[in-house]
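Please open the model in your viewer and keep the sequence panel beside it. The tour below proposes a series of selections and says what is found at each stop.

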Amino acid sequence: PQVDSANAGRVLASDAAVFLKKSGLTDLVLGKIWDLADTDGKGILNKQEFFVALRLVACAQNGLDVSLSSLNLPVPPPRFTDTSSPLLLSGTASSDVPWAVKLEDKAKYDAIFDSLNPVNGLLSGEKVKPVLLNSKLPVDILGRVWELSDIDRDGMLDRDEFAVAMFLVYCALEKEPVPMSLPAALVPPSKRKPISIPGAMPLIPSSTSTKESHQSLPPVGILAAKTPLTQ
């Protein structure tokens, strides 16, 4: 209804363009979406075609390929902002996006996680590696899967991060491209917090509070290496 102001059951290219731009996607991607949705090339979308366009927007926002084959994949609903500001894909804006990992899949991934004997709820890279290699995917793809799923960069995967890794592996096996950066919908709810400045990663894994880290100064070593700078 927001787009079809005349209530004619169809959407003109000009109206749809204004609305689709609120998705925060690039013109190039939106053009591709329009071409796929406007099947008869008339520059008008009927209701069915408009739904196809919305579905493709959701696919693009979740790092999936913009193609008709993606239409059957489960994706969260598309996100549109009413302001003209570019969509913040990370940080607070993503906290209300449903997690792309479905409950039944999560149960499956959790079972694999538990079978790998996690220590303190974490799996080391060594334990995850055989599972990743087992997928027979190219090593560079698996490297990117690990990079994206180790969200807190501690070299270990917790239960939610492991689910992200498995989700990406299954996407790749379905010939879906693995995204270069983690789409908001894939960030586990447990990892969503107002984002700090990118690149300002704490030297100590965030799991230890500052109080504990002072007690464990000698083994940390990273801090010790910094002391000459302060003298």
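Begin by selecting Ser-70, whose place is in the loop between H3 and H4. Is Ser-70 buried or exposed? This is a predicted model, and in it Ser-70 has a relative accessible area of 0% and is therefore buried. If you display its surroundings and set aside residues up to four places away in sequence, you will find Ser-70 touching Cys-59, Leu-64, Asp-65 and Glu-176.

Next, move to Pro-183, which is found in the loop between H7 and helix H8 (210-215). Pro-183 has 7% relative accessibility, and because the limit for a buried residue is under 20%, Pro-183 counts as buried. Which residues does Pro-183 touch, not counting those up to four places away in sequence? They are Gln-61, Asn-62 and Gly-63. A distance drawn from the C-alpha of Pro-183 to the C-alpha of Asn-62 should read 5.4 Å, although 121 residues separate the two in sequence.

Now zoom out to the whole chain and colour it by secondary structure. The protein has 10 helices and four strands, and, read along the sequence, these follow the pattern β-α-α-β-α-α-β-α-α-β-α-α-α-α. Of its 231 residues, 37% count as buried. Among the contacts with a separation of 6 or more, 56% are between residues 24 or more positions apart.

With the overview in place, turn to the interior. In soluble globular proteins, nonpolar side chains tend to be buried together. The largest nonpolar core here has 35 residues, and Leu-132, Val-145 and Phe-162 are those with the most contacts inside it. To see where this core comes from, select helix H3 (47-61), helix H4 (103-115), helix H5 (125-134), helix H6 (139-149) and helix H7 (159-173), which are the elements that give two or more residues to it. The largest share, 10 residues, comes from H7. Colouring by domain adds another view, since this core draws at least three residues from each of domain 1 (10-70) and domain 2 (103-190). A second, separate core of 19 residues can be highlighted in another colour, and its members include Val-11, Leu-20, Val-66 and Leu-71.

Return to the first of these cores and centre on Val-145. Leaving aside neighbours within four places in sequence, Val-145 is in contact with Leu-132, Ala-165, Leu-168, Val-169 and Val-178.

From Val-145, widen the selection to H6 and H7, whose axes come within 9 Å and cross at roughly 150 degrees. The crossing of H6 and H7 is right-handed. On the H6 side, show Ile-141, Leu-142, Val-145, Leu-148 and Ser-149, which meet Glu-161, Val-164, Ala-165, Leu-168, Val-169 and Ala-172 in H7.

For the last stop, keep H7 on screen and add H4. How many degrees is the angle at which H4 and H7 pack? The angle is about 115 degrees, with the axes 9 Å apart, and the two helices are therefore roughly perpendicular to each other. H4 passes H7 in a right-handed crossing. To inspect the contact itself, select Lys-106, Tyr-109, Asp-110, Ile-112, Phe-113 and Asp-114 of H4 together with Arg-159, Asp-160, Phe-162, Ala-163, Met-166, Phe-167 and Tyr-170 of H7. Phe-162, on the H7 side of this contact, is also one of the residues with the most contacts inside the largest nonpolar core.

How values were computed: Residues are numbered from 1 along each chain as its sequence is written. This is a predicted model: local features need pLDDT of at least 70, side-chain atom pairs count only at pLDDT 80 or more; totals for chains, interfaces and linings use all residues. Side-chain values use heavy atoms; hydrogens and water are left out. A nonpolar core is a set of buried Ala, Val, Leu, Ile, Met, Phe, Trp, Tyr and Cys residues joined through side-chain atoms within 4.5 Å. Buried means under 20% relative accessible area, exposed over 50%, partly exposed in between (1.4 Å probe, protein chains only). Domain bounds come from an automatic or database domain assignment. Contact means heavy atoms within 4.5 Å. Axes are lines fitted to C-alpha atoms, for helices over the stretch in contact, and angles run from 0 to 180 degrees between N-to-C directions. Angles under 35 degrees count as roughly parallel, over 145 as roughly antiparallel, 65 to 115 as roughly perpendicular and the rest as oblique. A crossing is left-handed if the near helix is turned anticlockwise from the far one by less than a right angle, and right-handed if clockwise.
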